[in-house]
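Here are my comments on the model you sent round. They cover the main pocket, the aromatic side chains and the strand pairing, as numbered points.

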Amino acid sequence: MSIFDRISYASSDLAIDLGTANTVVYVRNRGVVIAEPSVVALQTTQGINSVLAVGDDAKLMMGRTPEHIKTVRPLRSGVISDIDVAEQMLKHFIRKAQGQRGRMRGSPEIIVCVPSGSTSVERRAIRDAASNAGARKVWLIEETMAAAIGADLPVTHPIGSMVVDIGGGTTEVGVIATGGISMAMSVRVGGDRMDDAIASYVRRTHNLLIGEATAERVKLQLGAAQLAEGPVPTAIVKGRDLVRGVPLEITISQAEIVEALAEPVGQIVAAVRSALENTPPEIAADIIDGGIIMTGGGALLSNLDRLIAAETGLPVKVADNPLDCVALGAGHVLEDASYRGVLHAT
């Protein structure tokens, strides 16, 4: 019995965007119910690890834990790096998403989004993690396809579309037409690489050591692909002085952050250009009309759409809800049988 033909378990079925930075969970007929960081806090007691917190609560602990507690991000570059912790995280999110009604209905069927460039081994790890977390049946869908569906692109029609999904660990570029991916490209550059670039720049130019959370906050405050006209904003950054070894705060400008992000932003632009160079001519003609759609958290980087438009000569648009776009697309597949052809059983 397929995921589309059953009714009895319908409201417990889930679509999960298992991201490097955030996990978004969509419940059939209810929409997005969870959007939390992909972080788990583990506590070690007499040599045994137990889950202390997951999601928002665990992220608050990052960089602020004693020796017997550690925070773990079980996904790196879009794939599972610690399957045991990933299972624990998935179990937590599945229970939280279903609530009491889910427990009464039994095990759900789950659609999980995967990077198009992931290997069969990496896909098997994701499938196994979801199965061990309580799924009765696991389906996989490429992130770019899910993002295109979530952005309301005509993926089942003979019209070409291009999607650029910039997540925490990877940037996925997909060219989609007639219900399939004509060309896909995945580069392991995303929000995490931008955070690392900011932290490295601050350390190199200001001799200031900052943590992962501080680098992310600076990215959200000042991050941009290129400077806009007008006053250049600044922000206060706090960390540890590497010369004197004491806490220190400095003021940093957006111009410096643009310089720090030049390399990862350049790699994203290069991936888009490379994808366009390998796009079939008929689909390329459609993209001239429809433009490029950007999704994912990285799409919110200020002026990135302008930079890609300038580099490609094509119109570039950020999706209406870029952070949840992939999960929304996977959720539409749950609810609409016309999309069944985009799913993979393994």
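Which element gives the largest share of the lining of the largest pocket? That share belongs to α6, with six residues. Please keep in mind throughout that this is a predicted model.

1. Size and centre of the pocket. The volume of the largest pocket is about 1,000 Å³. Its lining is made up of 46 residues. Nearest the centre of the pocket are A21, N22, K59, E216 and K219.

2. Elements around the pocket. Two or more lining residues come from each of the strands β1 (14–18), β2 (22–27), β3 (31–37) and β11 (161–166), and from each of the helices α5 (191–206) and α6 (212–222). Of the residues near the centre, I would look at N22 together with β2, which spans 22–27, and at E216 and K219 together with α6, which spans 212–222.

3. Character of the lining. How many of the lining residues are nonpolar, polar and charged? The division is 16 nonpolar, 18 polar and 12 charged.

4. Aromatic side chains. Searching the whole structure for aromatic pairs gives zero. A charged side chain does sit over a ring, however: K137 lies over the face of W139, and the distance to the ring centre is 5.2 Å.

5. The β2–β3 hairpin. These two strands, which both contribute to the pocket lining, are antiparallel and share six bridges. One of the pairs is T23 with E36, the latter in β3. Three residues lie between the strands, and in the turn N29 has a positive phi of about 70°.

6. The three-strand sheet. This open sheet has the order β5-β4-β6 with antiparallel pairing. Why do β5 (48–54) and β6 (69–72) each have one side without a neighbour in the sheet? Both stand at the edges with a single partner strand, so one side of each is left free of a neighbour there. On average, neighbouring strands of the sheet are turned by 30° against each other, direction ignored. Between β4 (residues 40–45) and β5 there are six bridges in the antiparallel sense, and V40 has V54 of β5 as its bridge partner.

7. The five-strand sheet. A further open sheet is ordered β13-β12-β11-β17-β18, and its pairing is mixed. The edge positions are taken by β13 (180–187) and β18 (316–318); each has a single partner strand, so one side of each lacks a neighbour in the sheet. Here the average turn between neighbouring strands is 20°, again with direction ignored. One of the strands in this sheet, β11, is also among the elements that line the largest pocket.

8. Pairing within the five-strand sheet. Parallel or antiparallel: how does β17 (residues 292–295) run against β18? The two are parallel and joined by three bridges, with I292 opposite V316 of β18. By contrast, β12 (residues 171–177) and β13 run antiparallel, with seven bridges between them. In that pair T171 stands opposite V187 of β13. The hairpin of β12 and β13 has two residues between the strands, and T178 takes a positive phi near 55°.

9. The β15–β16 hairpin. Strand β15 (residues 234–241) runs antiparallel to β16 (residues 247–253), and seven bridges join them. G239 has L248 in β16 as its bridge partner. Five residues lie between the strands of this hairpin, where G245 adopts a positive phi near 75°.

Definitions and conventions
Residues are numbered from 1 along each chain as its sequence is written. This is a predicted model: local features need pLDDT of at least 70, side-chain atom pairs count only at pLDDT 80 or more; totals for chains, interfaces and linings use all residues. Side-chain values use heavy atoms; hydrogens and water are left out. On a 1 Å grid over the protein atoms alone, a cavity is a set of points where a 1.4 Å probe fits but cannot get out, and a pocket is an open set with protein on both sides within 12 Å along at least five of seven lines; lining residues have an atom within 4 Å of a point. Grid points are joined across faces, edges and corners, and a volume is the space filled by probe spheres set on the points. Helices (H or I, at least four residues) and strands (E, at least two) are DSSP runs, numbered from the N terminus. Ala, Val, Leu, Ile, Met, Phe, Trp, Tyr, Cys and Pro count as nonpolar, Asp, Glu, Lys and Arg as charged, and the others, Gly among them, as polar. Rings of Phe, Tyr and Trp (its six-membered ring) pair if their centres lie within 6.5 Å; planes under 30 degrees apart count as stacked, over 60 as edge-to-face and the rest as tilted. A charge sits over a ring if NZ of Lys or CZ of Arg is within 6 Å of the ring centre and within 35 degrees of the ring normal. Two strands pair if DSSP finds at least two bridges between them. Axes are lines fitted to C-alpha atoms, for helices over the stretch in contact, and angles run from 0 to 180 degrees between N-to-C directions.
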